[in-house]
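I opened this notebook page to record, entry by entry, what I looked up in the structure. The model is a predicted one, and I keep that in mind throughout.

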Amino acid sequence: MKVVMSELAEINIYTDGACKGNPGVGGWGALLESGGHRKEIYGGEKLTTNNRMELLAVIEALHSLKQVSRVAVYADSQYVLKGINEWLPNWKKRNWRTSDNKPVKNVDLWQRLDAIASQHQVQWIWVKGHAGHPGNERADALANMGVEQQLG
């Protein structure tokens with residue numbers, strides 16, 4: 001019997017967070033692209049921080065995927081990228097505490113991101129924000145739509 005492995009869908013995700021005041025009214029946005037298809041999602045919260053919105057953008061984008069996928073996440077947030085690539089393994093070893101034994105900030109979102117990212121093959125790519133990168137610029141616009149939605 002011949003077993004055929006299905007190819008994983010390849011998806012590019014561009015994410016961004018925004019906050020008016022920090023803390024303040026915040027928004028997150030994500031653009032997902034795959035095989036000529038585009039999906040845009042955004043949302044926000046009344047009282048939050050920019051870092052929480054950056055994390056939520058990635059979480060919501062990954063959560064919206066319908067199947068296990070090969071994903072390239074493009075983000076302008078060093079907080080998200082360093083967190084997932086450098087800090088997270090040690091936080092987990094230390095029971096979600098920092099190197100100076102303080103509780104990890106935004107631990108609820110880091111745990112959600114860790115769980116959802118582990119379901120996919122994810123490559124994390126930094127892009128310079130506000131530098132004309134089309135995917136990042138669109139994610140920024142979506143994040144600001146999330147802010148406007150909260151302002152009503």
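**Entry 1: V122.** In which strand is V122 found? I located V122 in strand β5, which covers residues 121-126. I then asked how open V122 is, and I noted it as partly exposed because its relative accessible area is 23%, a value that falls between the 20% limit for buried and the 50% limit for exposed. Leaving aside neighbours within four places in sequence, I found V122 in contact with V71, V73 and A117. I also looked up the pair V122 and A72, whose C-alpha atoms are 5.8 Å apart although 50 residues separate the two in sequence.

**Entry 2: Y14.** Next I turned to Y14, which lies in strand β1. With a relative accessible area of 9%, Y14 is buried, since buried is set at under 20%. Not counting residues up to four places away in sequence, I listed its contacts as G29, A30, L31, E33, Y74, H133, G135, N136 and A139. For a longer-range check I took Y14 and I125, which are 111 residues apart along the chain and have C-alpha atoms separated by 9.5 Å.

**Entry 3: the nonpolar cores.** Which residues touch the most other members of the largest nonpolar core? Of its 32 residues, I noted I13, L32, L62, W110, L113 and W124 in that role. At least two residues of this core come from each of β1, β2, α1, β4 (69-75), α2 (78-93) and α3 (107-117), and α1 gives the largest share, with eight residues. I followed W124 further and, again setting aside residues up to four places away in sequence, found that W124 touches V58, V73, L81, I84, N85, L113 and A117. There is also a second, separate core of seven residues, and Y14, A72, V127 and L142 are among them; two names from my earlier entries, Y14 and A72, therefore return here as members of one core.

**Entry 4: helix α1.** I checked the length of helix α1, residues 50-63, against what its residue count predicts: at 1.5 Å a residue its 14 residues should span 20 Å, and the end C-alpha atoms are 20 Å apart, which agrees. The buried residues that I wrote down for α1 are M53, E54, L55, L56, A57, V58, I59, A61 and L62.

**Entry 5: the largest pocket.** What is the volume of the largest pocket? I recorded about 220 Å³. Of the 13 residues that line the largest pocket, I11, L32, S34, K39 and L65 are the closest to its centre. The elements giving two or more residues to this lining are β1 (9-21), β2 (24-34) and β3 (37-48). Sorted by class, the lining holds four nonpolar, five polar and four charged residues.

**Entry 6: backbone details.** I looked for unusual backbone geometry last. N22 and P23 are joined by a cis peptide bond with omega of about 15°, and P23 sits in the loop between β1 and β2. W96 is not a glycine, yet it has a positive phi of about 65°; I placed W96 in the loop between α2 and α3 and noted it as buried, with a relative accessible area of 16%. N106, also not a glycine, has a positive phi of about 60°; N106 lies in the loop between α2 and α3 and is buried, with a relative accessible area of 16%.

Definitions and conventions: Residues are numbered from 1 along each chain as its sequence is written. This is a predicted model: local features need pLDDT of at least 70, side-chain atom pairs count only at pLDDT 80 or more; totals for chains, interfaces and linings use all residues. Side-chain values use heavy atoms; hydrogens and water are left out. On a 1 Å grid over the protein atoms alone, a cavity is a set of points where a 1.4 Å probe fits but cannot get out, and a pocket is an open set with protein on both sides within 12 Å along at least five of seven lines; lining residues have an atom within 4 Å of a point. Grid points are joined across faces, edges and corners, and a volume is the space filled by probe spheres set on the points. Helices (H or I, at least four residues) and strands (E, at least two) are DSSP runs, numbered from the N terminus. Ala, Val, Leu, Ile, Met, Phe, Trp, Tyr, Cys and Pro count as nonpolar, Asp, Glu, Lys and Arg as charged, and the others, Gly among them, as polar. The expected span of a helix is 1.5 Å times one less than its number of residues. Buried means under 20% relative accessible area, exposed over 50%, partly exposed in between (1.4 Å probe, protein chains only). Contact means heavy atoms within 4.5 Å. A nonpolar core is a set of buried Ala, Val, Leu, Ile, Met, Phe, Trp, Tyr and Cys residues joined through side-chain atoms within 4.5 Å.
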